[in-house]
Amino acid sequence: MCFAFGLSQTTQAQGSAAYYPWSGLLAFSTNPKKAIWLDTRFQTNSLFSSLSVDFLPLINLKRGEVVQWYLGGGLRVNPLYRIGDPKAKLLTVDGYSINLGVRASPFSQNKQIQIALELNPYIADGFSSGVLKSHFGVVYVFKKRKNREPQSEKVGVPNRTEPQSFQ
């Protein structure tokens, strides 16, 4: 989360970071206010060979001041699976998912803090098994920095729109 905050501050990008404590997921996403956005989730509390990464392109269905509904599909890959099985493919696909979720801003004074609730049907690669997951988490949405003052209003910088007078 510190990495995402630092990256957001240096690039002045807008995105979000989330933690789903009961699911053991740490998520980073592009701007969730846009019509289409990407969410990337990292599984925590697991063996290294079992760490999975979910890539979820999401579409906003409805956005309001307080609530945002979204839908998308996902791909779960495991880049570290070769640690446990040296014969495995370089990038192992674990499975596929569909996400239906809602994010709500419960605090009117700080809309950057949100609560997320999702239903997430997941199917293993090969369609051999599946599970209906649900996720509940806390989200922080980063804001773009606003310029504090225009360049022409700084002390010692002349305003270029007005003619200069020489006396």
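Before I show the surface of this protein, let me say what I mean by a nonpolar patch: it is made of residues with over 30% relative accessible area and no salt bridge, where nonpolar side chains are joined within 5 Å. Please also keep in mind throughout that what we are looking at is a predicted model.

With that definition in hand, the patch I would like to begin with covers about 1,000 Å², and it is made by Ile36, Ile59, Leu61, Val66, Val67, Trp69, Leu71, Ile98, Leu100, Leu119 and Leu132. The elements that contribute two or more residues to this patch are strand E4, residues 53-63, strand E5, residues 67-78, and strand E6, residues 92-104, and the largest share, three residues, is supplied by E5. If you would like one residue to look for on the screen, take Leu61, which sits in strand E4 and is exposed, with a relative accessible area of 53%. For the chain as a whole, the exposed area is about 11,200 Å², of which carbon and sulfur atoms supply 62%.

Let me now step back to the fold. The chain contains one helix and eight strands, and, reading from the N terminus, the helix comes ahead of the strands, in the order α-β-β-β-β-β-β-β-β. The eight strands make a closed barrel that runs E1-E2-E3-E4-E5-E6-E7-E8, and the pairing is antiparallel. Within this sheet, neighbouring strands are turned against each other by 25 degrees on average, if direction is ignored. As for the contacts between residues at least 6 apart in sequence, 43% of them join residues at least 24 apart, and 31% of the 167 residues count as buried.

Some of the individual pairings deserve a closer look. Strand E2, residues 25-29, and strand E3, residues 36-43, run antiparallel and are joined by five bridges; together they form a hairpin with six residues between them, and here Ala27 stands opposite Arg41 in E3. E3 in turn pairs with E4 in the antiparallel sense over seven bridges, with Trp37 finding its bridge partner in Leu58 of E4. Further along the chain, strand E7, residues 113-124, is joined to strand E8, residues 130-141, by 11 bridges, again antiparallel, and in that pairing Pro121 has Leu132 of E8 as its bridge partner. Leu132, you may recall, is also one of the residues of the nonpolar patch.

That leaves the charged side chains, where the count comes to three salt bridges. Which residues are linked in a network of salt bridges? They are Asp39, Arg41 and Glu118. Within this network, Arg41 meets Asp39 at 2.5 Å, N to O, and Glu118 meets Arg41, also at 2.5 Å, N to O. Because Glu118 lies in strand E7 and Arg41 in strand E3, this second pair ties together parts that are 77 residues apart in sequence. Each of the three is buried, with relative accessible areas of 3% for Arg41, 1% for Asp39 and 1% for Glu118.

Outside the network, Asp54 forms a salt bridge with Arg76, with the closest N and O atoms 2.9 Å apart. Asp54 belongs to strand E4 and Arg76 to strand E5, so this pair ties together parts that are 22 residues apart in sequence. Asp54 is buried at 8% relative accessible area, and Arg76 is buried at 11%.

Technical notes: Residues are numbered from 1 along each chain as its sequence is written. This is a predicted model: local features need pLDDT of at least 70, side-chain atom pairs count only at pLDDT 80 or more; totals for chains, interfaces and linings use all residues. Side-chain values use heavy atoms; hydrogens and water are left out. Patches are made of residues with over 30% relative accessible area and no salt bridge: like charges are joined within 9 Å, nonpolar side chains (Val, Leu, Ile, Met, Phe, Trp, Tyr) within 5 Å. Accessible areas come from the Shrake-Rupley method with a 1.4 Å probe; for residues, only the protein chains shown count as cover. A salt bridge is a side-chain nitrogen of Lys or Arg within 4 Å of a carboxyl oxygen of Asp or Glu. Helices (H or I, at least four residues) and strands (E, at least two) are DSSP runs, numbered from the N terminus. Buried means under 20% relative accessible area, exposed over 50%, partly exposed in between (1.4 Å probe, protein chains only). Two strands pair if DSSP finds at least two bridges between them. Contact means heavy atoms within 4.5 Å. Axes are lines fitted to C-alpha atoms, for helices over the stretch in contact, and angles run from 0 to 180 degrees between N-to-C directions.
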